[in-house]
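Dear colleague,

I am passing on the structure we spoke of, and below it you will find my notes on what came out of the analysis. Please read them with the coordinates open beside you.

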Amino acid sequence: MSGTRNALSRPMSRMGAADRTSAVASSFVVADAGHCIGCKACELACFAVHSQTNGIGASVGTVSVPVVPKVYVVRAGDTYVPVQCRHCENAPCAHACPVQAIRQENGVVMIDEELCISCTSCVLACPFGAIEVSTVYREGRVMTQPGLTDRAAHKALPRTAAGKCDLCADTNGGQPACVEACPNDVLRLAIVESDPLPERRREVFFPRL
């Protein structure tokens, strides 16, 4: 990895999805854990953006499916830290996937939910614990796995698939939803390009130190 530049050096950050996915090298959301208050606003914003097919609205009472975000706030003692995909250059999750459901497009590591077979190989391979396998919902209903049934109960079993941060690649504007929702500016979109100066890495990843 050669070089680092903070995406926030761009006009703070009205960088849209097209810019993010066309970045030359990896980009990912980095968290300043020392300032996270554990409010989980990032989780809710992530869930809302990625649940459009489930009719999730902007008011109370519109959520009829489990809240499953692609970023997770983890607590260790009195410290909170959001954890999400780092979009590794040599993504171990992609190498571990036996059906090529994980691909890298212009620095963004994506999971094709339709190809995923829920084998959890990517979960085991991820060094950050950023991937989770969960039930797939469409239009507010559980999707079922063709050919997979509970014989005793005589019913189809739920379809599950791996999921993780995709930098809100399917959205049209702004930064990733988690970054925009964070009330304490803990999350930032960083772009790793081609200059590995250590001082620049620190500036990008730990700007408040």
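**The β4–β5 hairpin**

E105 has V108, in β5, as its bridge partner. Please keep in mind throughout that this is a predicted model. The pairing belongs to a set of four bridges that join β4 (residues 102-105) to β5 (residues 108-111), the two strands running antiparallel. Together β4 and β5 make a hairpin with two residues between them, and N106, which sits in the turn, has a positive phi of about 50°.

**The nonpolar core**

β5 also matters for the next part, since the largest nonpolar core, which has 33 residues, takes three of them from β5, the element that gives the most. At least two residues each come from β1 (27-31), α2 (41-49), β5, β11 (160-163), α5 (177-181) and β12 (187-191). The members that touch the most others are V29, C93, C178 and L187; of these, C93 is in contact with I102, V109, C122, A125 and I131, if its neighbours within four places in sequence are left aside.

In α2, the buried residues are C42, E43, A45, C46 and F47, and what covers them includes β2 (72-76), β3 (79-83), α5 and β12.

**The largest pocket**

The largest pocket holds about 810 Å³ of space and is lined by 35 residues, with H50, K70, E113, R138 and D166 lying nearest its centre. By type, the lining divides into 16 nonpolar, nine polar and 10 charged residues. Both α2 and β5 appear here again, as they, β6 (132-135), β7 (137-138) and β11 each supply at least two residues of the lining.

With best regards

Terms used
Residues numbered from 1 in each chain as written. Predicted model: local features only at pLDDT ≥ 70, side-chain atom pairs only at ≥ 80, totals over all residues. Heavy atoms only, no water. Pairing = 2+ DSSP bridges. Core = buried A, V, L, I, M, F, W, Y, C linked by side-chain atoms within 4.5 Å. Buried < 20%, exposed > 50% of the residue type's maximum accessible area, 1.4 Å probe, protein only. Contact = heavy atoms within 4.5 Å. 1 Å grid on protein atoms, 1.4 Å probe; cavity = no way out; pocket = protein on both sides within 12 Å on 5 of 7 lines; lining within 4 Å. Points joined across faces, edges and corners; volume = space filled by probe spheres on them. Nonpolar A, V, L, I, M, F, W, Y, C, P; charged D, E, K, R; others polar.
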